[in-house]
Amino acid sequence: MTPAQQELFDAAMAAMANAHAPYSHYPVGAAVRASSGTVYSGCNVENAAYPQGWCAEASAIAAMVTAGEREIVEVLTVCQGDLVGTCCGGCRQKLREFAALDVPVFACGPDGIRATFTLGQLLPHSFGPEHLAP
Ligand code: ZN
């Protein structure tokens with residue numbers, strides 16, 4: 001793992017520790033690096049009214065946007081279990097709003113990086129902001 005990946009991983013692990021996942025028991029952490037170099041992290045936040053919960057990636061994106069940034073250059077997620085956990089479909093689209101198709105997405109477990117994708121691999125033939133450009 002590179003130092004940059006380690007920084008993302010540490011931020012995502014810390015976020016996962018704060019996940020609110022009393023229903024799924026599936027805590028997730030996410031970290032995005034914005035074009036400034038700053039890392040923003042988030043966790044999943046579930047709700048007793050299940051559809052009102054949201055994913056870790058959404059939390060991280062919200063933190064980035066709240067800070068005034070709009071461009072993601074790296075993404076890392078971490079979850080537990082033995083499987084490679086990748087971003088859900090909705091989060092792939094949320095990332096697409098702020099990340100180019102060649103942005104790397106590192107899918108991690110607590111042991112480290114398990115798989116690396118580009119956003120374009122995770123969301124091929126996607127719809128993005130350029131489709132609405134005047
Ligand atoms: Zn998601």
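Is R114 buried, exposed or partly exposed? R114 is partly exposed, its relative accessible area being 27%. The points below concern a predicted model and take up this residue again under the salt bridges.

1. **Sheet order.** The model, which is predicted, contains an open sheet of five strands with mixed pairing, arranged as β2-β1-β3-β4-β5. The edge positions are taken by β2 (39–43) and β5; each has a single partner strand, so one side of each is left without a neighbour in the sheet. From one strand to the next, the twist averages 20 degrees.

2. **The β4–β5 pair.** Six bridges connect strand β4 (residues 104–109) with strand β5 (residues 112–118), and the pairing is antiparallel. The connection from β4 to β5 is a hairpin of two residues. Within this pair, V105 is placed opposite F117 of β5.

3. **The β3–β4 pair.** Strand β3 (residues 72–79) runs parallel to β4, and four bridges join the two. Here V78 faces C108 of β4. Strand β4 therefore has β3 on one side and β5 on the other in the sheet order, whereas β5 stands at an edge with a single partner strand.

4. **Helix α1 on the sheet.** Helix α1 (residues 3–16) lies across β1 (28–34), β2, β3, β4 and β5. Relative to β1, the helix runs at about 140 degrees.

5. **Salt bridge between α1 and β1.** Four salt bridges are present in the structure. In one of them, the side chains of E7 and R33 meet with an N to O distance of 3.0 Å. This pair links distant parts of the chain, since E7 belongs to helix α1 and R33 to strand β1, 26 residues apart. The two partners may be set side by side in terms of accessibility: E7, with a relative accessible area of 40%, is partly exposed, while R33, at 10%, is buried.

6. **Salt bridge between β3 and β1.** R33 also forms a salt bridge with E74, with the closest N and O atoms 2.6 Å apart. This contact again links distant parts of the chain: E74 is in strand β3 and R33 in strand β1, with their positions 41 residues apart in the numbering. Both E74 and R33 are buried.

7. **Salt bridge of R114, and the network.** The residue of the opening question, R114, forms a salt bridge with D111, and the closest N and O atoms are 2.9 Å apart. D111 counts as exposed because its relative accessibility is 60%, whereas R114 is partly exposed at 27%. Elsewhere, salt bridges with shared partners join E7, R33 and E74 into one network.

8. **Zinc site.** Which residues coordinate the zinc ion? The ligands are C55, C88 and C91, each through its SG atom, at 2.2 to 2.3 Å. Along the chain, the donors follow the spacing C-x32-C-x2-C. Two of these cysteines can be contrasted in accessibility: C88 counts as partly exposed at 37% relative accessibility, whereas C91 is buried with a relative accessible area of 1%.

9. **Largest nonpolar core.** The largest nonpolar core has 21 residues, of which V32, M64, I72, V75, L95 and V105 touch the most other members. Two or more residues come from each of β1, α2, β3, α3 (89–96) and α4 (119–122). Leaving aside residues up to four places away in sequence, I72 touches V32, R33, A34, I61, M64, L95, F98, A99, A100 and V103. R33, one of these contacts, is also the residue that forms salt bridges with E7 and with E74.

10. **Second core.** A separate core of ten residues is also present, and A11, A31, L76 and F106 are among its members.

11. **T66 in helix α2.** T66 is found in helix α2, which covers residues 56–66. T66 is exposed, with a relative accessible area of 70%. Measured against E130 in the numbering, T66 is 64 residues away in sequence, and the C-alpha atoms of the two residues are 22 Å apart in space.

Notes. Residues numbered from 1 in each chain as written. Predicted model: local features only at pLDDT ≥ 70, side-chain atom pairs only at ≥ 80, totals over all residues. Heavy atoms only, no water. Donors = N, O, S within 2.8 Å, 3.2 Å for Na, K, Ca; no water. Buried < 20%, exposed > 50% of the residue type's maximum accessible area, 1.4 Å probe, protein only. Pairing = 2+ DSSP bridges. Axes fitted to C-alpha atoms, helices over the stretch in contact; angles between N-to-C directions. Contact = heavy atoms within 4.5 Å. Core = buried A, V, L, I, M, F, W, Y, C linked by side-chain atoms within 4.5 Å.
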